[in-house]
Amino acid sequence: MIRIERCYCCKKASPNLNKISLLVEFPGSRDNIDFIFCSNDCKKEIEKLVSFNNKHISKFYILGGLVLFLAVMLTFISALYPDLSKPVQAIFMILLGVLALIYPYATWMTYQLIGIRNTKMLVRILGIILIYGGIRLW
Ligand SMILES: [Zn+2]
């Protein structure tokens with residue numbers, strides 16, 4: 001069986017794909033990973049993602065923890081002060097949405113599955129839905 005390789009960024013299958021090996025930081029480890037790309041634009045996109053990941057990987061986990069903490073706090077606030085729950089929930093949704101718009105990043109699994117380009121679009125759409133939902137809830 002011939003394995004069809006696709007661009008890591010845009011997921012296009014092309015007969016003239018290139019490959020670059022980049023050092024990727026993970027929490028607690030680092031690894032050289034081969035990325036397949038179809039064009040110079042896609043290569044730039046991959047390099048941008050990897051350098052962003054390498055710079056901020058530790059912050060991402062703090063941020064994830066913070067969001068989880070806020071979600072738990074929100075549950076408590078909603079239970080204790082039902083009057084406050086709506087605006088607090090709305091603020092939380094809008095904040096998450098804005099964050100998603102500014103940093104349209106996801107997990108490596110998502111990139112692997114649908115490519116960098118589609119992932120960014122998906123995260124941005126989710127961000128807009130969150131902001132819209134937050135405003136409606138207010
Ligand atoms: Zn591509």
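Helices and strands are here taken as DSSP runs, numbered from the N terminus. On that basis, F35 belongs to strand β2. The model under discussion is a predicted one.

**Overall architecture**

The protein chain contains three helices and two strands, and its elements follow the order β-β-α-α-α from the N terminus. Its C-alpha atoms occupy a box of roughly 60 × 30 × 30 Å along the principal axes. The radius of gyration is 19 Å, whereas a compact globule of 138 residues would have a value near 14 Å. Buried residues account for 14% of the 138 residues. Of the contacts between residues at least 6 apart in sequence, 60% join residues at least 24 apart.

**The hairpin and residue F35**

Strand β1 (residues 18–26) and strand β2 run antiparallel and are joined by nine bridges. One of the pairings links N18 to its bridge partner F37 in β2. Two residues lie between the strands of this hairpin, and G28 adopts a positive phi near 90° there.

Is F35 buried or exposed? A residue counts as buried if 20 or more other C-beta atoms lie within 10 Å of its own. F35 has 22 such atoms within 10 Å and is therefore buried. Leaving aside residues up to four places away in sequence, F35 touches Y8, K19, I20, L22 and I46.

**The largest nonpolar core**

The largest nonpolar core comprises 11 residues: C7, Y8, C9, F35, F37, C38, C42, I46, L49, Y111 and I116. At least two residues of this core come from each of β2 (29–37), α1 (40–80) and α3. The greatest contribution is that of α1, with three residues. Within this core, C9 has contacts of its own: with residues up to four places away in sequence not counted, C9 touches F37, C42, E45, I46, G115, I116 and R117.

**Helix α2**

Helix α2 covers residues 82–102, 21 residues in total. The distance from its first C-alpha to its last is 31 Å, close to the 30 Å expected at 1.5 Å a residue. Which residues of α2 are buried? They are M93, G97 and A100. Viewed down the axis of α2, these buried residues fall within an arc of 60°, so they line one face of the helix. The buried residues of α2 pack against α3 (108–137). On the other side of α2, the exposed residues are D83, L84, P87 and I102.

V98 is also located in helix α2. The class of partly exposed residues lies between the buried limit of 20 or more neighbours and the exposed limit of 12 or fewer. V98 has 14 C-beta neighbours inside 10 Å and so counts as partly exposed.

**Separations in sequence and in space**

Two residue pairs are listed below with their separations in sequence and in space, the latter taken from C-alpha to C-alpha.

| Pair | Separation in sequence | C-alpha to C-alpha distance |
|---|---|---|
| F35 and I131 | 96 residues | 33 Å |
| V98 and R124 | 26 residues | 9.0 Å |

The first row concerns F35, the buried residue of β2 discussed above. The second row concerns V98, the partly exposed residue of α2.

Methods
Residues are numbered from 1 along each chain as its sequence is written. This is a predicted model: local features need pLDDT of at least 70, side-chain atom pairs count only at pLDDT 80 or more; totals for chains, interfaces and linings use all residues. Helices (H or I, at least four residues) and strands (E, at least two) are DSSP runs, numbered from the N terminus. The expected span of a helix is 1.5 Å times one less than its number of residues. The arc is that of the directions from the helix axis to the C-beta atoms. Two residues are in contact if their C-beta atoms, placed from the backbone, lie within 7 Å. A nonpolar core is a set of buried Ala, Val, Leu, Ile, Met, Phe, Trp, Tyr and Cys residues joined through C-beta atoms within 7 Å. Two strands pair if DSSP finds at least two bridges between them. The radius of gyration is taken over C-alpha atoms; the globule rule is 2.2 Å times the number of residues to the power 0.38.
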